[in-house]
Amino acid sequence: MTRKIWVFDTTLRDGEQVPGAKLNLYEKLEVAQQLKKLQVDIIETGFPSSSAGDFNAVKEIAAKVGNTDETIITALARAVKADIDAVYNSVKYAEKPLIHIVLGTSDIHVEKKFGKSKNQILDIGVDAVKYAKTFLPDVQYSTEDASRADFEYLWATIEAVVKAGATIINVPDTVGYAEPEEFGELIFKLNDRLKNLNDKVLLSVHCHNDLGMATANTLAAIKNGADKVECTINGIGERAGNTALEEVVMAINTRLSVYNACTNINTKEIMNTSRLVSSLMGLDVQVNKAITGDNAFAHSSGIHQDGLLKSRDAYEIISPIEVGLDDMDLVLTARSGRHAVKSALEKLGFNQLTDTQFEGIFEDFLKLADVKKEVYNHDLYVIVENYYAKNDNHNHDMTHYSDNFYELMDLQVISNTNFPSASVKIKKGDQILKNSAVGSGPVDALYSAITKISDLDIKLIEYTISSISRGKEALGKVKIQVEYRGEKYVAKATDTDIMKASAFAYISAVNSIVVDTLLPVE
Ligand SMILES: CC(=O)SCCNC(=O)CCNC(=O)[C@H](O)C(C)(C)COP(=O)(O)OP(=O)(O)OC[C@H]1O[C@@H](n2cnc3c(N)ncnc32)[C@H](O)[C@@H]1OP(=O)(O)O
Ligand SMILES: CC(C)C(=O)C(=O)O
Ligand SMILES: [Mg+2]
C-alpha cells in the first residue's frame, strides 16, 4: 500500500522571506487560490504578528481560500502569546485552521540566541502549545535548527510538546546543514519513538538548500518515515531557499518503487503555479531548474532529438504533459540534425517537401543556426519562404541574365547623427564594383551607394523592418517597395544583421528591375 505524504506549502511564508519577493494582499490571494488548485494539503499563509498587512492577508486567505475543509490554512508564530493570538485571530476564518509555533532546539539557538537554559526553552515551548490548544485542536510545533540539536534534547522537546497537545511535529534543517543519510537516520530514530508515543501525530520535515541538498534530505526523510513535507514552489525561501515542491512530488511519482508513497498534488497545475509565483514575486526560475526550468523538457542536441522522435523514453523520464506543459520542446540549434528539423517542419505543415528541397532547406537552416543561438518556428517559415523564392528563380531559366545580376559582397555602414554614410562592394558578373554615399540616415546612405552602382533611377517608396521571433539574435525582416519608370517592385529579405537584410532587399529589387529591362518584349 502506498503511504500518503502530506504536502505543506510555505511559499507565502518562508518563500516570501526572499528579499524583494513581498506580495500585496491581492497577489497573496491569487497564489493561495492557485495552491488550492494544485491541491496542497496545507497552505502556510504568512507571519501575522509581523505587520497589519500580513495579518490582513492571512485573514483574507483563511476566509476566501480556506472556505472548504480540503485545504488547511496555517500561519507562523514564535513561542510568544501575542504571536499565537495573531495567528489564531487570522486563521480562525478558515474551515480547517492550524496554529504553527516555532522555537529553537539547537545549543546555538538555546544558548546564544535566547541566552537561556534548555529546560527554560523547553518550558516556553510547552506553554506555547498549551496556550495554542486553548484556541484550536490542531497545533504544529517546529523544532527549529533540529538537525544541529542534541538528539536527546530534541526528543525530550518533542515528547513534551506532544504531551502538551501538538498534533504535528516538524523537524527543520533550518540552515541546510543536514546530509541525506544522516538526516534519514535522524528521522528514522524520531519516527520510531514518536509512533510509540502517539501514532496520530504527523512527523514532518522542512529542509533548506544551503548545500543544494534540500530535496535529497526531504526524500531521505520520506524513506525513513516522515509523513509530511514542507516545501515551496520553485524552491524559493530564506537564503538558498527551501525544498522545491515540484521536485519532491515528481520524484515520488516517478520513482514509486523507491518511495512507495503518493501525494494529493494535481501535478498538471505545477507549471501554472510555478509561472504565477515567479512572475508575481519577480523571481526568475533558473533555466536548468528541475521540473519548472525552461529547459527541463527541452532537448537540443541532434542525437537526443533523433532518439526522442524514435522513442520518448530514450531521453525522457517524465512526460511534460504530467506537469502541465503542452509537450516536449525540441530546441532547434546548430547541433540539431535532420530528424528534428524535418519533424519541426512537418508540425508547421510542410509535409510535401522533396528530399532535394529538404536538403536545401536544411543547409539554409544550418547557416542560420550558426549565427543564431536558437531557430524558432518563425525562422523556419522564413527559411522555407526564402528557399522557395530562390528555387523559383532557378525554375525560370535565368542563367543568361546572371552576368547582369548584382550580388552583395561586403558593406560598411556608419550611423551617426551628423554624417551617416555607407560603402558597398558588389559583384556583377566578373566585375567588382565599389561605391560610397552619405544619406539622411544609414539605410538612405546604403541605398544611395547601391543606386550609384546600379546606375538606375530607382525611387524608394516604402521601407518596413520587423523582428521575426525572439531573442537578441532575432532575424530582421526588411520589406521594401521601389519605383522604376512607373513600375512598382516589392522585395524582401531577412538576416540577423538588419543592414545586410536592408541591402539584400534593395539588391533583390534591383535584380527584378534588371530582369524586366532585359526580358525581350513579347
Ligand atoms: C526559521 C524561520 O524562518 S523563523 C521565521 C522568520 N520570520 C520572521 O522573522 C518574520 C518577520 N519578522 C518580524 O516581523 C519581526 O522579526 C517580529 C515581528 C517577529 C519580531 O520583531 P521584534 O519584536 O522587533 O524583534 P526582533 O525581530 O528584533 O527580534 C526577535 C525577538 O524574538 C525572539 N525570538 C526569536 N525567535 C523566537 C521564537 N521562536 N520564540 C520566541 N521568541 C523568539 C528573539 O529572541 C528576539 O527577542 P528579544 O528582543 O527579547 O531578544
Ligand atoms: C519556521 C521554521 C519551520 C523554518 O522556517 C525553519 O526552521 O527554517
Ligand atoms: Mg525555513
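# A walk through the model

Start by colouring the protein chain by domain: domain 1 covers 3–281, domain 2 covers 298–395 and domain 3 covers 401–518. Keep in mind as you click around that this is a predicted model.

**Stop 1: where domain 1 meets domain 2.** Show domains 1 and 2 together. Their C-alpha centres are 45 Å apart. Eight residues from domain 1 and six residues from domain 2 make the contact. On the domain 1 side, select α9 (245–254) and α11, the elements that each give two or more residues to the part touching domain 2. Of these, α11 has the largest share, with three residues. Sort that domain 1 side by class and you get three nonpolar, three polar and two charged residues.

**Stop 2: helix α1.** Now select residues 25–37, which form helix α1. Try putting a distance between its end C-alpha atoms: they are 19 Å apart, and this agrees with the 18 Å that 13 residues should span at 1.5 Å a residue. Which residues of α1 are buried? Pick out K28, V31, A32, Q34, L35 and K36. To see what covers them, add β2 (6–9), β3 (42–44), α2 (52–64) and α11 (270–281), which are among the covering elements. Then step just past the end of α1 to Q39, where phi is positive, at about 70°.

**Stop 3: the nonpolar cores.** The largest nonpolar core has 91 residues, and the members that touch the most others are V7, V91, I99, I101, V129, I169 and V229. Helix α5, residues 118–133, gives the most to this core: seven residues. Zoom in on I101 and show its neighbours, leaving out residues up to four places away in sequence: A77, A79, I84, A128, V129, A132, V139, Y141 and S142. There is also a second, separate core of 24 residues; to find it, select A449, I450, I507 and V510, which are among its members. As background, nonpolar side chains in soluble globular proteins tend to be buried together.

**Stop 4: ligand 2.** Finally, centre on ligand 2. What surrounds it? Show D14, L76, V102, S142, E144, N170, P172, T174, H206 and H208 as sticks. Two strands to highlight here are β6 (139–144) and β7 (168–173), as each supplies at least two residues of the shell. Colour the shell by class and you'll find three nonpolar, five polar and two charged residues. You may recognise S142 from the previous stop: it touches I101, and here it is part of the surroundings of ligand 2.

Note on methods:
Residues are numbered from 1 along each chain as its sequence is written. Chains are lettered from A and ligands numbered from 1 in the order in which they are written. This is a predicted model: local features need pLDDT of at least 70, side-chain atom pairs count only at pLDDT 80 or more; totals for chains, interfaces and linings use all residues. A residue is near a molecule or strand if its C-beta atom, placed from the backbone, lies within 6 Å of it. Helices (H or I, at least four residues) and strands (E, at least two) are DSSP runs, numbered from the N terminus. Ala, Val, Leu, Ile, Met, Phe, Trp, Tyr, Cys and Pro count as nonpolar, Asp, Glu, Lys and Arg as charged, and the others, Gly among them, as polar. The expected span of a helix is 1.5 Å times one less than its number of residues. A residue is buried if 20 or more other C-beta atoms lie within 10 Å of its own, exposed if 12 or fewer, and partly exposed in between; C-beta atoms are placed from the backbone. Two residues are in contact if their C-beta atoms, placed from the backbone, lie within 7 Å. A nonpolar core is a set of buried Ala, Val, Leu, Ile, Met, Phe, Trp, Tyr and Cys residues joined through C-beta atoms within 7 Å. Domain bounds come from an automatic or database domain assignment.
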